[in-house]
Amino acid sequence: MSNTLTIVAGFTAKPGQEQRLRDELTAMIAPSLAEEGCLGYQPYADPADPSRMVIVEEWADSAALDYHFSLPHFTHVAQVLEEILAEPFTLRRLTDVPAQD
């Protein structure tokens, strides 16, 4: 059975901070994908509400995700998010559902 984790992180920018949110989350793509254990990392914007974004991430296991949380690019974006978000971000951890025979 796979230990991979899919993470869906949701963000809502304060008014006037929408582009900064987009820029900061986009800047996370390359360093995150370069991490061992990162299988996917993609931000998405809500076309109906420019203040809302999500990131869909895939990690080899929870240890890889924990390591991600300790790295400088994550700690930097976490500080920025405290300034620009209208509410705390949400984080959903999802695991694969085994296929039924």
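Modeller: Let's begin with a term: a helix is a DSSP run of H or I with at least four residues, a strand is a run of E with at least two, and both kinds are numbered from the N terminus. Keep in mind that this is a predicted model.

Colleague: Thanks! With that in hand, in which helix do Arg20 and Glu24 lie?

Modeller: Both are in helix H1, which spans residues 18–27. They sit four residues apart, about one turn of the helix. Their side chains meet in a salt bridge, at 4.0 Å from N to O.

Colleague: How many salt bridges does a search of the whole structure find?

Modeller: The search finds three.

Colleague: Now the strands. How should I read a sheet?

Modeller: In a regular strand, side chains alternate between the two faces of the sheet. In this model, four strands form an open sheet in the order E2-E3-E1-E4, with antiparallel pairing. E2 and E4 (90–95) are the edge strands, as each pairs on one side only. From one strand to the next, the twist averages 15°.

Colleague: What joins E2 to E3?

Modeller: A hairpin does, through six residues. E2 covers residues 38–45 and E3 covers 52–59; the two run antiparallel and are joined by seven bridges. Look for Tyr41, which stands opposite Glu57 in E3.

Colleague: And over how many bridges do E1 and E4 pair?

Modeller: They pair over six, again in the antiparallel sense. Here Ile7 stands opposite Arg93 in E4. Helix H3 packs on the sheet and touches E1, E2, E3 and E4. The direction of H3 makes about 130° with that of E3.

Colleague: My last topic is empty space. How do I find it?

Modeller: Rolling a probe the size of a water molecule over the atoms shows where empty space is left. This structure holds one cavity of 30 Å³ or more. The largest cavity has a volume of about 110 Å³.

Colleague: Which residues that line the largest cavity are the closest to its centre?

Modeller: Of the 14 lining residues, those are Phe11, Tyr41, Glu57, Phe74 and Phe89. You have met Tyr41 and Glu57 already, as the pair standing opposite each other in the sheet.

Colleague: Which elements supply at least two residues of that lining?

Modeller: Strand E1 (5–12), E3, helix H3 (62–70) and helix H4 (72–84) each do. The largest share, three residues, comes from H4.

Colleague: By class, what residues does the lining have?

Modeller: Twelve are nonpolar, one is polar and one is charged.

Key
Residues numbered from 1 in each chain as written. Predicted model: local features only at pLDDT ≥ 70, side-chain atom pairs only at ≥ 80, totals over all residues. Heavy atoms only, no water. Pairing = 2+ DSSP bridges. 1 Å grid on protein atoms, 1.4 Å probe; cavity = no way out; pocket = protein on both sides within 12 Å on 5 of 7 lines; lining within 4 Å. Points joined across faces, edges and corners; volume = space filled by probe spheres on them. Nonpolar A, V, L, I, M, F, W, Y, C, P; charged D, E, K, R; others polar. Axes fitted to C-alpha atoms, helices over the stretch in contact; angles between N-to-C directions. Contact = heavy atoms within 4.5 Å.
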